Amino acid sequence: MSLEMDGQRRIDVVMNALSSAIKQMVFRSTKGSRISSRYRLAILTYSDQVYDILGGIRSIDEFAQTGTLPSLSPMKFTDTAKAFEYAEKLLEAELPHMQDCPAPLICHMTDGAHTGADPEPIVKRIMQMSVPDGNVLVENIFISDSILNQPIENVKTWKGVTADTVFNHDVANKLRNMSSVLPESYRDMMTESSYALKAGAFMLLPGTSAELVSLGFQMSAATPVMKY
């Protein structure tokens, strides 16, 4: 995460994209001068340990009152399984209170292979967890300069990662197995924002540029409004 991307450190690209996504959440939750608790948010970082940045799950109005994001630093180890185990426990406690809410979404970012146990079985368990709206969604952003055979020249016209996408990196194949298929309601919202992700695309973003990292966070912030 200390390497450069588009003239910035990768960690700084991530922080800028995360900050923009949270601002979008606040905007979508604001009516007049009041911020509703439309979103509930947790932020975890991990190396060989998991660090709960917000101290659990917080509503977006709580977060807006507390101030800005803390600074993050690149870390050496990548115990992805431990991070997903922590997320699984958070969800187990939270899901009983989310029965009338859109399905939760985990947005996971990495720039390399995991160094601990295999995270895939844990992710598969998480993807089987559900609320009436649907199963928990898992999105992955793989920050790498060499994930695809051909570079993405135009993010707006890119069709997304599909089952036929060929990768240059085994980690990307692993992450595709750990990614949900993009729901049609999300795809419709991204289409309204002039993106061209095709039906059946996976929630896996090759973070080869700041724009693609930003797209991943936009996707995670664009929770559809439930209609009854």
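Q: How many disulfides does the count come to in this predicted model?
A: A disulfide is a covalent bond between the sulfur atoms of two cysteines. Here, a pair of cysteine sulfur atoms would have to lie within 2.5 Å to qualify. By this rule, the number of disulfides is 0.

Q: Is Cys107 buried, partly exposed or exposed?
A: Let's check it against the cut-offs: buried means under 20% relative accessible area, and exposed means over 50%. The relative accessible area of Cys107 is 26%, so Cys107 is partly exposed.

Q: Which strands are the edge strands of the open sheet with the order 9-12-13?
A: This sheet has 3 strands, and their pairing is parallel. An edge strand pairs on one side only, and that description fits strand 9 and strand 13.

Q: Which residue in strand 12 stands opposite Ile106?
A: Strand 9 covers residues 105–110 and strand 12 covers 137–142. The two run parallel and are joined by 6 bridges. Opposite Ile106, in strand 12, stands Val138.

Q: Why are the buried residues of helix 5 on the same side, and how wide is their arc?
A: The buried residues of this helix are Val171, Ala172, Leu175 and Arg176. They lie on the same side of helix 5 because the arc they cover around the axis is only 140°.

Q: Which helix gives the largest share of the largest nonpolar core?
A: This core holds 58 residues. Among its members, Phe84, Ile126, Trp158, Val213, Leu215 and Phe217 touch the most others. The largest share is 7 residues, and it comes from helix 1.

Methods:
Residues are numbered from 1 along each chain as its sequence is written. This is a predicted model: local features need pLDDT of at least 70, side-chain atom pairs count only at pLDDT 80 or more; totals for chains, interfaces and linings use all residues. Side-chain values use heavy atoms; hydrogens and water are left out. Buried means under 20% relative accessible area, exposed over 50%, partly exposed in between (1.4 Å probe, protein chains only). Helices (H or I, at least four residues) and strands (E, at least two) are DSSP runs, numbered from the N terminus. The arc is that of the directions from the helix axis to the C-beta atoms. Contact means heavy atoms within 4.5 Å. A nonpolar core is a set of buried Ala, Val, Leu, Ile, Met, Phe, Trp, Tyr and Cys residues joined through side-chain atoms within 4.5 Å. Two strands pair if DSSP finds at least two bridges between them.
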